[in-house]
Amino acid sequence: MTQLDALDILKTGANVFLTGQPGSGKSHTIREYVKFLQSRGVSPAMTASTGIAATHISGMTIHSWSGLGIRKYITRRECKEMQTNSALMTRMKKTQVLIIDEISMLDAAMLDSVDLMCRTLKDSDAPFGGIQIVLVGDFFQLPPVTRFDEPPARFAFSARSWADANLTVCYLSEQHRQEDPIFLNILTALRSGSLTEDHIESLRDRRRMSEDADITKLYSHNADVDRINIDRLRKLGGKEKTYTMTSSGSPKLVEQMKKGCLSPEKLTVKIGARVMFTRNNPAEGYVNGSIGDVVDFDGETKYPVVQMKSGRMICVQPGMWSIDGDNNSPIALLRQLPLRLAWAMTVHKSQGMSLDGAFIDLGTAFAYGQGYVALSRVRSLAGLFLGGINERALEVDPNVLAKDEEFLAQSLAAESIIGNRSESDRIADADAFIKACGGKKEPVVRETIDALANYFPSKPAKKAKEPRWTETLALIISGKSIMDVAKERSRTVGTIVGHLEEVQSLDQLSSDVFDRLKNNVTEIHSTIAPVIIELKTRGRFLRPVFDHFQGKYSYDDLRIIQWIVESERK
């Protein structure tokens, strides 16, 4: 399923499980949905299963949001007693959309308790008290954990509340991390438990050391990582500088955050140290996973100056990780430089990162999915260097594997339904949901003229709104391709094709222009069109075509050819 289709489904108010491979755009889709809700005056509750994951989305842990705290189990009577908590009641009353990130790490018992709390405090028998529930994550990633004195943890999908919620599965199939089709094919096979001998041989061919001695190294165990980083740092000349993490707030939450934080409690560096940034800050020129070298220390602040591969110099300032409570005030906070030594790191700590290259030793992998998590960090097969790999590294949890097949089938069914909905129907669905949430039908845009209204006898009459396809059509007529127009207008290819469909329905697209657009994609049209015709796909339901070509062609390419084929059918 495309991100656009998933976004349209979210906008209907359906309960959703948003999943997909690493790099498929889950986080981007959620960010776009949150922006949509906020623009309509609806504030979603942003939560995550762990403290550090909550800081990544500027939200709360689901434990704090629900009032459950460290409890995993709760009775209805105990829920009713929580009605005396005015802050919790206010938060629950105003929540119309609840998003839980990293759902793979949330125990089924905890999800059931959140459901019970929502039903009780919202005084509704509907799943989660009638709140739209959006679960985000990938069960091939880190599993839930449990304390020694508790029953074994269960995946969230085995919870009673999961079934009750009647979740629409949106399984994203686009790929924005791995652009190498051969490597992507290997990862897809590993994920589905269908590795062939050819796949394994391709991985064995990568058993070599990188010529780049400073390439990031991933290991299964902390002992290997610590040994390599300490050894490399010791070999550097010059004086060490150590930066110690500070914290405030709830001791239990602080301790939980420290365990998940990618920056260490004590960071020791020297000039020449290879470091990796541990959080996103595009304004400063780095994101989580960016690599650089310490080349100096600022004379005034004494903070390290890191040179990126691009040559850019960044004086690294301390960052803050926080978990917010009511009124957006932090209830736990960490402060440390957003850096860690990066000659080596554990597979566990690498989750969520994108690396151009890495040396990965999976010879001592000990858990299901460890190999998949490690390999999927790298963008291409050329950037993968293996030190070793054992059988366990190539295994995934059989329970997850079986469930994933169900998720994919459910997503395909949802994709077929949304693909047959017209754009006007989708907009109507979204408007109806926003109205039910008490939001605004249209975004509130404050124009400059409004601020000066007192200086005018009356507001100027608003100009009639032009059709949304007007600019698209003008650019197409000027000779630009569909891809060019999408880029220039900062729209998706699917959106531009949607504009052209409207233009065609109004008989505004000449045959000459259509022929030129078709000629722009002659090479791929001759290959893709027959498959689309044979599989009888329509609208945005393109997964069968994508799978047929094993990811060789992007969804953008397929969408354009689909439009051409459907236009010729009419």
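Buried residues account for 50% of the 570 residues in the chain, which is shown here as a predicted model. With the whole chain selected, the secondary structure comprises 24 helices and 20 strands. The exposed surface amounts to about 27800 Å², of which carbon and sulfur atoms supply 51%. Among contacts with a separation of 6 or more, 72% join residues 24 or more positions apart.

Next, select the six-stranded open sheet, whose strands pair in parallel and follow the order β3-β2-β4-β5-β1-β6. Its edges are formed by β3 (60–61) and β6 (168–172), each of which pairs on one side only. To inspect the β3 edge, add β2 (residues 45–48): two bridges link β2 and β3 in the parallel sense. One residue to display there is T47, whose bridge partner in β3 is M60.

Turn then to the hydrophobic interior. The largest nonpolar core contains 69 residues, and the members that touch the most others are F139, W162 and I360. Helix α7 (residues 108–121) gives this core its largest share, eight residues.

Centre the view on F139. Which residues is F139 in contact with, leaving aside its neighbours within four places in sequence? Select F17, I103, S104, F155, A156, F157, W162, V400 and F407 to show these contacts of F139. W162 thus appears both as a contact of F139 and among the core members that touch the most others.

For the last stop, select L473, I476, V485 and I532. These residues are included in a second nonpolar core, which is separate and has 34 residues.

Note on methods: Residues are numbered from 1 along each chain as its sequence is written. This is a predicted model: local features need pLDDT of at least 70, side-chain atom pairs count only at pLDDT 80 or more; totals for chains, interfaces and linings use all residues. Side-chain values use heavy atoms; hydrogens and water are left out. Two strands pair if DSSP finds at least two bridges between them. Helices (H or I, at least four residues) and strands (E, at least two) are DSSP runs, numbered from the N terminus. A nonpolar core is a set of buried Ala, Val, Leu, Ile, Met, Phe, Trp, Tyr and Cys residues joined through side-chain atoms within 4.5 Å. Buried means under 20% relative accessible area, exposed over 50%, partly exposed in between (1.4 Å probe, protein chains only). Contact means heavy atoms within 4.5 Å. Accessible areas come from the Shrake-Rupley method with a 1.4 Å probe; for residues, only the protein chains shown count as cover.
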